[in-house]
Amino acid sequence: MIKGIYGVNIAVKNLEEATRKYEAFFGMKARPVGANFFAFPGLVGSQFCINGFALNLIASLEPGTSVASFLERRGEGIFL
């Protein structure tokens with residue numbers, strides 16, 4: 001039985017642009033997330049904490065990461 005969802009990760013091509021767009025939509029500032037937040041190297045992001053739910057925007061700093069491959073195949077969208 002599912003008791004809750006911690007959050008959703010959204011893959012984006014341009015982190016700064018996407019962060020501004022989501023900040024305007026939610027009316028709140030995102031928390032920058034550095035590479036040390038991720039289990040795999042080469043990723044950065046922004047996090048919105050909304051009533052205990054985490055919405056993470058994730059971008060790749062280099063080609064070859066799982067996020068970069070996802071963006072090439074499918075474009076921006078829910079990643080994980």
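These legends accompany several close-up views of a predicted model.

**View 1. Five strands line up in an open sheet.**
Start with the whole sheet and read across the strands: the order is E2-E3-E4-E1-E5. The pairing is mixed, and the next two views look at examples of it. Which strands sit at the edges? They are E2 (31-33) and E5 (77-78), and each of these pairs on one side only. As a bit of background, strands of a sheet pair through backbone hydrogen bonds, and they can do this in a parallel or an antiparallel way.

**View 2. Strands E1 and E4 run parallel.**
Here you can follow E1 (residues 7-11) alongside E4 (residues 53-60), with 5 bridges joining the pair. Two of the residue partnerships are handy landmarks. Val8 has Leu55 of E4 as its bridge partner, while Ala11 stands opposite Ile58 in E4.

**View 3. Strands E3 and E4 meet in a hairpin.**
This pair is antiparallel and is held over 8 bridges. Look for Phe48, which stands opposite Leu55 in E4. You have already met Leu55 as the partner of Val8. The hairpin has 2 residues between its strands, and Asn51 takes a positive phi near 50 degrees. Is strand E4 largely enclosed or largely open? Of its 8 residues, 6 are buried, so E4 is largely enclosed by the rest of the structure.

**View 4. Two helices lie against the sheet.**
Helix H1 (residues 15-26) lies across E1, E3 (43-50) and E4. Its direction is at about 5 degrees to that of E3. Helix H2 (residues 66-74) also packs on the sheet, where it touches E1, E3, E4 and E5. The direction of H2 makes about 85 degrees with that of E4.

**View 5. Met28 sits in the loop between H1 and E2.**
Zoom in on this loop residue and its surroundings. Which residues does Met28 touch, leaving aside those up to four places away in sequence? They are Glu23, Phe48, Cys49 and Ile50. Phe48 is a familiar face from the hairpin view, where it stands opposite Leu55. The C-alpha atoms of Met28 and Leu55 are separated by 12 Å, and the two residues are 27 residues apart along the chain. Why does Met28 count as partly exposed? Its relative accessibility is 29%, and partly exposed covers the range between under 20% (buried) and over 50% (exposed).

Technical notes:
Residues numbered from 1 in each chain as written. Predicted model: local features only at pLDDT ≥ 70, side-chain atom pairs only at ≥ 80, totals over all residues. Heavy atoms only, no water. Pairing = 2+ DSSP bridges. Helix = DSSP H or I, 4+ residues; strand = E, 2+ residues; numbered from the N terminus. Contact = heavy atoms within 4.5 Å. Axes fitted to C-alpha atoms, helices over the stretch in contact; angles between N-to-C directions. Buried < 20%, exposed > 50% of the residue type's maximum accessible area, 1.4 Å probe, protein only.
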